[in-house]
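Here is a set of short exercises to work through with the model open beside you. Try each task first, then follow the solution one step at a time.

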Amino acid sequence: MGFVTLGKTGIKAQKQAFGCLPIQRISKEDAVSLLHRAYDGGMNYFDTARAYSDSEEKVGAAFAGMRDKVYIATKTGATTAEGMWKDLEESLRMLQTDYIDVYQFHNPAFCPKPGGEDGLYDAALEAKKQGKIRHIAITNHRLSVAHEAIDSGLYETLQFPYSYLAGPQEQELVDKCKEADMGFIAMKGLAGGLIRDGMVAAAFMEQQPTVLPIWGVQHQWELDEFLSCIQEIPAMTAERQAVIDHDHKELSGDFCRGCGYCMPCPMGIEINNCARMSLMLRRAPAAGWLTEEWQEKMKKIETCLHCNKCSSKCPYGLDTPRLLKENYEALLEGPGGQQGLIFPFSFGYRIVTLHPFRGMIE
């Protein structure tokens, strides 16, 4: 496949795109080196946001002097026109550029439109008129807002969570964008860490010719895996399909995607991780989750007020307090229960089962 044309923008992006959220966790020197390696390997689309601390600054440092060689997308979380202009000017300064290719409203709770009291869309139109942005776009985690954005005809791309764990609701968005000649950008292509094999995820994306996945990259080994997909496009083999089928079976029904839009919790519970802890322990390297710090974070679930503020903000309509309770009980249940992963000892916790195919580890 090679490239994806983002609808009526005309942008031809390499199918493997770079998500710049994780580079805020590494040094500027390392980030610039990683971004250069990505470009040299064939990537040409880089997605960041004003909210990603110093990510824009690092992207700007990497591509200063070669701006015309790459596409840069960023986002504003502003809720007023004044706030958008402030964000835009800061983004331009940090990115060391005089224009942004794809300027996205960052997960708004509503669909900005011309004439709105917020003034957001009108401000974006003016910025486009001034040449400071080239395409007006939107990101979201809410199906209702995503549908409204597509139906409005006002936006040139939609960024939405999409992976091989997606359901028919997300697939409908992909299909509607295609019909509307609107670019579809897939965030969370690894389902927030629940998908562990990047090559399987990339092979799935190859079956979606209008979808541009932006892979969150922090380490060189992660980048090299996706760069290898440029050299040799990953095929959907029987083995890879078996992985997808297994994951669909294991993750069927309600599960937390880890998007974090339920936060903050009035009791300080880190919901977006605690509500899927048992899944992460099965599917991800467990050492980072088995610390004293995480024991204390999970114990906070006992203080849940059941105020349901988290549920009301969940874009997937999950019963979040129930998920928190079930994950906590699963961790404490121990070997007597089918889901028991960790059980307490006087000195802390130990892991019993990491993955159904990897046996028991203590």
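The protein has 14 helices and twelve strands. The model is a predicted one. Of its 362 residues, 54% count as buried. Among the contacts with a separation of 6 or more, 71% are between residues 24 or more positions apart.

**Exercise 1. An aromatic pair at helix α4**

Task: Find the rings of tyrosine 121 and tyrosine 155 and classify their pairing.

Solution:
- Begin with the total: the structure holds eight aromatic pairs.
- For tyrosine 121 and tyrosine 155, the centres are 5.5 Å apart and the planes make an angle of 85°.
- Angles over 60 degrees count as edge-to-face, so this pair is edge-to-face.
- Next, place the two residues. Tyrosine 121 belongs to helix α4 (residues 120-129), while tyrosine 155 is in the loop between α5 (143-152) and β8 (157-161), so the pair ties together parts that are 34 residues apart in sequence.
- Finally, check the surroundings: both tyrosine 121 and tyrosine 155 are buried.

**Exercise 2. A second pair and its cluster**

Task: Work out why the pair of tyrosine 162 and phenylalanine 184 gets its class, and which parts of the chain the pair ties together.

Solution:
- The ring centres of tyrosine 162 and phenylalanine 184 lie 5.6 Å apart with the planes at 80°, so this pair is edge-to-face.
- Tyrosine 162 is in the loop between β8 and α6 (168-179), and phenylalanine 184 is in strand β9 (residues 183-187), so parts that are 22 residues apart in sequence are tied together.
- Buried means under 20% relative accessible area. Tyrosine 162 has 1%, so tyrosine 162 is buried.
- Phenylalanine 184 is also at 1% relative accessibility and therefore counts as buried.
- Now widen the view: Tyr162, Tyr164, Phe184 and Phe204 form one aromatic cluster.

**Exercise 3. Charges over rings**

Task: Which ring does arginine 134 lie over, and which ring has the charged end of lysine 297 over it?

Solution:
- Arginine 134 lies over the face of tyrosine 99, 3.7 Å from the ring centre.
- The charged end of lysine 297 sits over the ring of tryptophan 294, at 4.4 Å from its centre.

**Exercise 4. Salt bridges and their exposure**

Task: How many salt bridges does the structure hold, and are lysine 58 and aspartate 54 buried or partly exposed?

Solution:
- The structure holds 17 salt bridges.
- One of them joins the side chains of lysine 58 and aspartate 54, at 3.2 Å from N to O.
- Lysine 58 has a relative accessible area of 3%, so lysine 58 is buried. Aspartate 54 has 27%, so aspartate 54 is partly exposed.
- Another salt bridge links glutamate 156 and lysine 128, at 3.3 Å from N to O. This pair connects distant parts of the chain, with glutamate 156 in the loop between α5 and β8 and lysine 128 in helix α4, 28 residues apart.
- Glutamate 156 is buried at 11% relative accessible area, and lysine 128 is partly exposed at 34%.
- Lysine 299 and glutamate 302 also form a salt bridge, with their closest N and O atoms 3.4 Å apart. Lysine 299 is partly exposed, at 40%.
- Shared partners join the salt bridges of Glu270, Glu293 and Lys297 into one network.

**Exercise 5. Two helix packings**

Task: How do α5 and α6 pack, and how do α2 and α3 pack?

Solution:
- The axes of α5 and α6 are 10 Å apart, at an angle of about 10°.
- Angles under 35 degrees count as roughly parallel, so α5 and α6 are roughly parallel to each other.
- On the α5 side the contact is made by Leu143, Ala146, His147, Ile150 and Asp151, and on the α6 side by Gln169, Glu172, Leu173, Lys176 and Cys177.
- Helix α2 (residues 55-63) and helix α3 (residues 81-95) pack at about 40°, with their axes 7 Å apart. That angle makes α2 oblique to α3.
- Glu56, Glu57, Val59 and Gly60 of α2 meet Ser91, Met94 and Leu95 of α3.

**Exercise 6. One residue in strand β8**

Task: Is threonine 157 buried or exposed, and which residues is it in contact with, leaving aside neighbours within four places in sequence?

Solution:
- Threonine 157 is in strand β8.
- With a relative accessible area of 0%, threonine 157 is buried.
- Leaving aside those neighbours, the contacts of threonine 157 are Leu6, Thr9, Val102, Ile136, Ala137, Ile138, Met182, Gly183 and Ile185.

Technical notes
Residues numbered from 1 in each chain as written. Predicted model: local features only at pLDDT ≥ 70, side-chain atom pairs only at ≥ 80, totals over all residues. Heavy atoms only, no water. Phe/Tyr/Trp six-rings, centres within 6.5 Å; stacked < 30°, edge-to-face > 60°. Helix = DSSP H or I, 4+ residues; strand = E, 2+ residues; numbered from the N terminus. Buried < 20%, exposed > 50% of the residue type's maximum accessible area, 1.4 Å probe, protein only. Lys NZ or Arg CZ within 6 Å of the ring centre and 35° of its normal. Salt bridge = Lys/Arg side-chain N within 4 Å of Asp/Glu carboxyl O. Axes fitted to C-alpha atoms, helices over the stretch in contact; angles between N-to-C directions. Parallel < 35°, antiparallel > 145°, perpendicular 65-115°, else oblique. Contact = heavy atoms within 4.5 Å.
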